[in-house]
Amino acid sequence: MIPWQDHRARLMEAVRALDPVELPLAEARGAVLADDVRTMHPVPLFDNSAMDGFAVRRSDARPGARLRVVGDAPAGAAEDPSFGPGETVRIMTGAPVPSDADAIVPIEKVRIDPAEDGAPENGTTGSDGLPARIEILEEPKPGAHIRRLGEDTPAGEIAVPAGVELTPWHLAAAASAGHGRVRVIRRPRVAVVSTGSELVPAGQELRRGQIPESNSVLLAAALDADAFEVVDVSWFRDEDCEDLAGHVRALAADGLADAVVVSGGASVGAFDVAKHALAPLGVRFEKVAIQPGKPQGFGLVDDRLPVFCLPGNPVAVSVCYELFVRPALRVMSGNDQVLRPTVLRRARVGWTCPKGRAQALPAIMDERTVAPASAGGSGSHLVVSLARAHDLAIVPAAADRVEAGDEVEVMVLS
Ligand code: AMP
Ligand code: MG
């Protein structure tokens with residue numbers, strides 16, 4: 001048996017990040033950035049006003065000073081309105097600060113003078129509402145309310161580093177840094193294969209011996225939730241060994257999938273179709289020291305297509321997806337956050353663990369404690385109990401029991 005961490009390391013080393021593609025920002029959320037995004041220009045691009053108010057020379061802007069309004073600087077205007085001593089220019093948030101100004105006085109800190117020279121009653125002149133004069137109520141500090149060029153980030157700096165999964169905040173930063181498109185790693189396209197002659201599509205009538213097929217439902221949803229693309233879902237009976245081998249060989253040949261996840265038939269049973277069909281194609285089957293998830297296979301078919309073979313038990317599939325498949329696919333997607341975070345919690349109750357194997361137990365935790373999600377223990381067939389679990393308690397191979405109050409490592413899945 002190999003330690004589960006060694007098995008995971010082998011998978012992660014065997015796969016490579018896929019090629020980058022260029023996407024418009026609007027399509028890039030959730031993709032992984034292939035290259036650092038650098039600022040094409042300083043951010044902000046120019047000194048601009050942080051307030052709606054008046055651009056002034058500080059030497060003029062003593063409390064009580066009356067200034068003549070000689071120009072207007074709305075956001076987006078390209079002009080650089082000049083003004084002299086005793087004068088001011090109205091300015092709006094985001095507008096470039098006129099070269100003659102060294103501070104902004106917010107509109108709340110001035111009094112609009114009553115009209116003069118036949119201007120309208122409210123002290124404004126013309127339809128743009130520009131006042132004729134203002135009175136300064138409070139002296140501005142040097143550079144008051146001016147956002148300086150490059151104050152956020154200078155030109156040529158890393159705005160978003162390669163390897164991050166692009167969030168709305170990253171995309172806004174890339175746009176502000178001057179980019180309309182980004183290079184991201186192509187999302188891995190994954191084919192899902194279920195094996196077993198007892199399986200019937202979920203929701204259909206069952207005769208004795210048959211069960212609803214749930215692994216492809218689980219895997220397709222998990223892949224989708226992780227922003228991988230499900231390109232094919234198929235099912236093979238235990239006697240269809242050659243068909244399964246042919247299917248995987250075709251997937252490797254046509255290049256339509258970047259990885260295959262097979263469930264069931266990975267063990268030593270007489271009808272373990274995955275093992276019989278795929279071992280000859282280069283998938284290596286071994287015993288991994290974890291419960292659930294002991295019989296597993298992995299290999300590169302035709303030296304290029306990663307094929308993950310998981311045991312058929314639904315709980316084992318959920319656990320093995322989290323512990324092995326997801327990290328490897330995240331390496332393929334170029335993600336620098338490959339592993340889920342873990343936290344420590346006290347066991348709320350005691351439970352038993354298998355000897356000589358680590359245990360990955362679907363669990364429920366709160367701020368301080370953790371407990372198994374299933375009253376029935378850690379059986380890998382307890383699929384409905386999965387619906388109650390949020391996280392995965394991971395107990396090392398050396399332990400054969402967890403006592404109430406013991407500290408337990410918990411992988412946070414949500
Ligand atoms: P296997 O690994 O093929 O021996 O399967 C182990 C157990 O998991 C058996 O009880 C199977 O019936 C069950 N099983 C295998 N594949 C699936 C599937 N796709 N959906 C639901 N249960 C499955
Ligand atoms: Mg089977």
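The exercises below work through strands, a helix and a ligand site in a predicted model.

Residues are numbered from 1 along each chain as its sequence is written, while chains are lettered from A and ligands numbered from 1 in the order in which they are written. Because the model is predicted, local features need pLDDT of at least 70 and side-chain atom pairs count only at pLDDT 80 or more, whereas totals for chains, interfaces and linings use all residues; side-chain values use heavy atoms, with hydrogens and water left out.

**Exercise 1. Describe the six-stranded sheet and the place of β8 in it.**

Step 1. Helices (H or I, at least four residues) and strands (E, at least two) are DSSP runs numbered from the N terminus, and two strands pair if DSSP finds at least two bridges between them. The sheet is open, its pairing is mixed, and its order reads β9-β6-β8-β7-β13-β10.

Step 2. At the edges stand β9 (103-106) and β10 (110-112), and each has a single partner strand, so one side of each is left without a neighbour in the sheet. On average, neighbouring strands of this sheet are turned by 40 degrees against each other, direction ignored, where the axes are lines fitted to C-alpha atoms and angles run from 0 to 180 degrees between N-to-C directions.

Step 3. Strand β6 (residues 53-56) pairs with β8 in the antiparallel sense over three bridges; among the bridge partners, Ala55 is matched with Val89 and Phe54 with Arg90. Strand β7 (residues 66-73) runs parallel to β8 and is joined to it by five bridges, with Gly71 standing opposite Val89.

Step 4. Buried means under 20% relative accessible area, exposed over 50%, and partly exposed in between (1.4 Å probe, protein chains only). By that rule five of the five residues of β8 (residues 87-91) are buried, so this strand is largely enclosed by the rest of the structure. In a regular strand the side chains alternate between the two faces of the sheet. In β8 both faces are covered, with Glu87, Val89 and Ile91 on one side and Thr88 and Arg90 on the other.

**Exercise 2. Work out how β24 is paired and how far it is covered.**

Step 1. Six of the six residues of β24 (residues 305-310) are buried; Leu305, Val307 and Cys309 point one way, and Pro306, Phe308 and Leu310 point the other way.

Step 2. With β21 the pairing of β24 is parallel, over four bridges, and Val262 stands opposite Cys309. With strand β23 (residues 295-301) the pairing is antiparallel, over five bridges, and Val301 stands opposite Leu305.

Step 3. β23 and β24 form a hairpin with three residues between them, and in that turn Asp302 has a positive phi of about 55 degrees.

**Exercise 3. Which residues are closest to ligand 1, and how is the ligand covered?**

Step 1. A residue is near a molecule if one of its heavy atoms lies within 4 Å of it. The ligand is surrounded by 15 residues, of which the closest are Glu198, Glu213, Ser214, Gly265 and Gly312.

Step 2. A polar contact is a pair of N or O atoms within 3.5 Å. A backbone N or O atom of Gly265 lies 2.9 Å from an oxygen atom of ligand 1, a polar backbone atom of Gly312 is 2.8 Å from an oxygen atom of the ligand, and a polar side-chain atom of Asn215 lies 3.3 Å from a nitrogen atom of it.

Step 3. On its own, ligand 1 has 480 Å² of accessible area, and the protein covers 76% of this; the areas come from the Shrake-Rupley method with a 1.4 Å probe.

**Exercise 4. Is Thr195 buried or exposed, and which backbone atoms does its side chain reach?**

Step 1. Thr195 is found in strand β17 (residues 189-195) and is buried, with a relative accessible area of 7%.

Step 2. Its side chain reaches the backbone oxygen of Ser263 at 3.0 Å, and a polar atom of that side chain lies 3.2 Å from the backbone oxygen of Gly264.

**Exercise 5. Where does helix α6 bend, and what follows the helix?**

Step 1. Helix α6 (residues 314-332) bends by about 50 degrees at Tyr321, the bend being the angle between axes fitted to the seven residues ending there and the seven starting there.

Step 2. Of the 19 residues of α6, 18 are buried, and just after the helix Gly334 takes a positive phi of about 80 degrees.

How values were computed:
Polar contact = N/O pair within 3.5 Å; in protein donor to acceptor, adjacent residues only side chain to side chain.
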